[in-house]
Amino acid sequence: MNLELTLLILESVLLAFTVVLLLFSIREGRSREKLIRGVDKAAKTFTRLEYFLAVVDSMSDAKVEIAGLITGRPPSGSDIKRSRDIIDAIEKMSKSQVRIRYLLPQFHDRLHIGYLYSKAGAQIRFSTCPILHDLRYMTVDEGVTIIGIPESVGQKEATKKGYKIASEGLNSILKEHFESCWAAAVPFEEYLKEVISQTKATARHLSKELNIDEAELERFY
């Protein structure tokens with residue numbers, strides 16, 4: 001009886017010890033997964049930051065023309081400062097007589113960036129080119145191209161990675177594509193008037209929705 005009781009107690013202790021080890025293992029696994037996610041998130045943020053830095057840096061080197069096919073997503077969080085840096089670069093380069101053109105997809109919420117870039121001195125048009133959804137690029141003069149790609153295919157996916165490529169051949173090919181999309185695109189002011197006509201919204205309502213100054217919108221009514 002004593003032996004059976006001893007074995008039962010020993011078995012119970014071993015079972016409890018096994019449960020404790022299992023709980024520690026689960027906790028360690030969750031911590032490890034959390035750490036991996038954190039590192040992965042940091043890596044994505046870094047590559048995205050590099051992309052924006054490459055864009056601004058390349059813009060400052062332009063002598064003749066900058067042409068970009070971009071998403072024009074409304075900025076939030078840290079992207080607000082990055083967008084401000086690009087706007088500052090547009091203002092600076094347009095004053096240096098550099099021609100700056102951007103193509104954005106025809107989504108109403110993209111009018112905000114279109115307005116800011118246009119106000120800074122860039123020529124803005126809205127396009128239906130399908131490549132806008134999974135590839136973004138900017139050509140600088142005749143030799144440098146910045147290419148941005150999202151993490152996954154989708155109309156509203158943000159750019160996660162970027163590449164700076166010094167190639168006259170690639171630059172020429174993308175410029176040809178840009179020109180074909182540009183020719184069929186709708187100028188900023190015309191697209192804004194279309195949105196006003198379609199939505200029947202007041203200037204005050206659109207001002208809040210698009211984050212554009214109400215007085216500026218009044219000019220298009």
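Ala54 counts as buried because its relative accessibility is 19%, where buried means under 20% relative accessible area, exposed over 50% and partly exposed in between (1.4 Å probe, protein chains only). The model is predicted, so to speak a computed one, with local features needing pLDDT of at least 70 and side-chain atom pairs counting only at pLDDT 80 or more, while totals for chains, interfaces and linings use all residues. Residues are numbered from 1 along each chain as its sequence is written, and side-chain values use heavy atoms, leaving out hydrogens and water.

Ala54 belongs to helix 1 (residues 2-60); helices (H or I, at least four residues) and strands (E, at least two) are DSSP runs, numbered from the N terminus. Between the C-alpha atoms of Ala54 and Ile147 the distance in space is 9.9 Å, although 93 residues separate them in sequence.

The chain as a whole holds seven helices and seven strands, arranged along the sequence as α-β-α-β-α-β-β-β-β-α-β-α-α-α. Of its 221 residues, 37% are buried. Taking contact to mean heavy atoms within 4.5 Å, 68% of the contacts between residues at least 6 apart in sequence join residues at least 24 apart. The exposed area of the chain is about 13400 Å², with 58% of it supplied by carbon and sulfur atoms; accessible areas come from the Shrake-Rupley method with a 1.4 Å probe, and for residues only the protein chains shown count as cover.

Strand pairing comes next. Two strands pair if DSSP finds at least two bridges between them. Strand 2 (residues 99-105) and strand 3 (residues 123-127) run parallel and are joined by five bridges, with Gln123 of strand 3 as the bridge partner of Arg101. Between these strands the chain passes through helix 3 (residues 111-120), giving a right-handed β-α-β crossover; right-handed here means that, with the strands pointing away from the viewer, the path from the first strand over the helix to the second runs clockwise. Strand 3 is also joined to strand 7 (residues 186-187), by two bridges and in antiparallel fashion. Opposite Arg125 stands Pro187 of strand 7.

Aromatic rings were searched across the whole structure, and six aromatic pairs were found. Rings of Phe, Tyr and Trp (its six-membered ring) pair if their centres lie within 6.5 Å, and planes under 30 degrees apart count as stacked, over 60 as edge-to-face and the rest as tilted. One of the pairs, Phe178 with Trp182, is stacked, at 5.6 Å centre to centre and 20° between the planes. Both residues lie in helix 4 (residues 168-184), four residues apart, or about one turn of the helix, and both Phe178 and Trp182 are buried. Phe188 and Phe220 form an edge-to-face pair, with 6.5 Å between centres and 90° between planes. This pair links distant parts of the chain, 32 residues apart: Phe188 is in helix 5 (residues 188-199) and Phe220 in the segment after helix 7 (214-218). Phe188 and Phe220 are both buried, and ring pairs link them with Phe126 and Tyr191 into a cluster.

Arg101 returns here through its side chain: its charged end sits over the ring of Trp182, 5.0 Å from the ring centre. A charge sits over a ring if NZ of Lys or CZ of Arg is within 6 Å of the ring centre and within 35 degrees of the ring normal.

Finally, Ser83 lies in helix 2 (residues 79-95) and counts as buried because its relative accessibility is 9%. Beyond neighbours within four places in sequence, Ser83 is in contact with Pro75 and Ile113.
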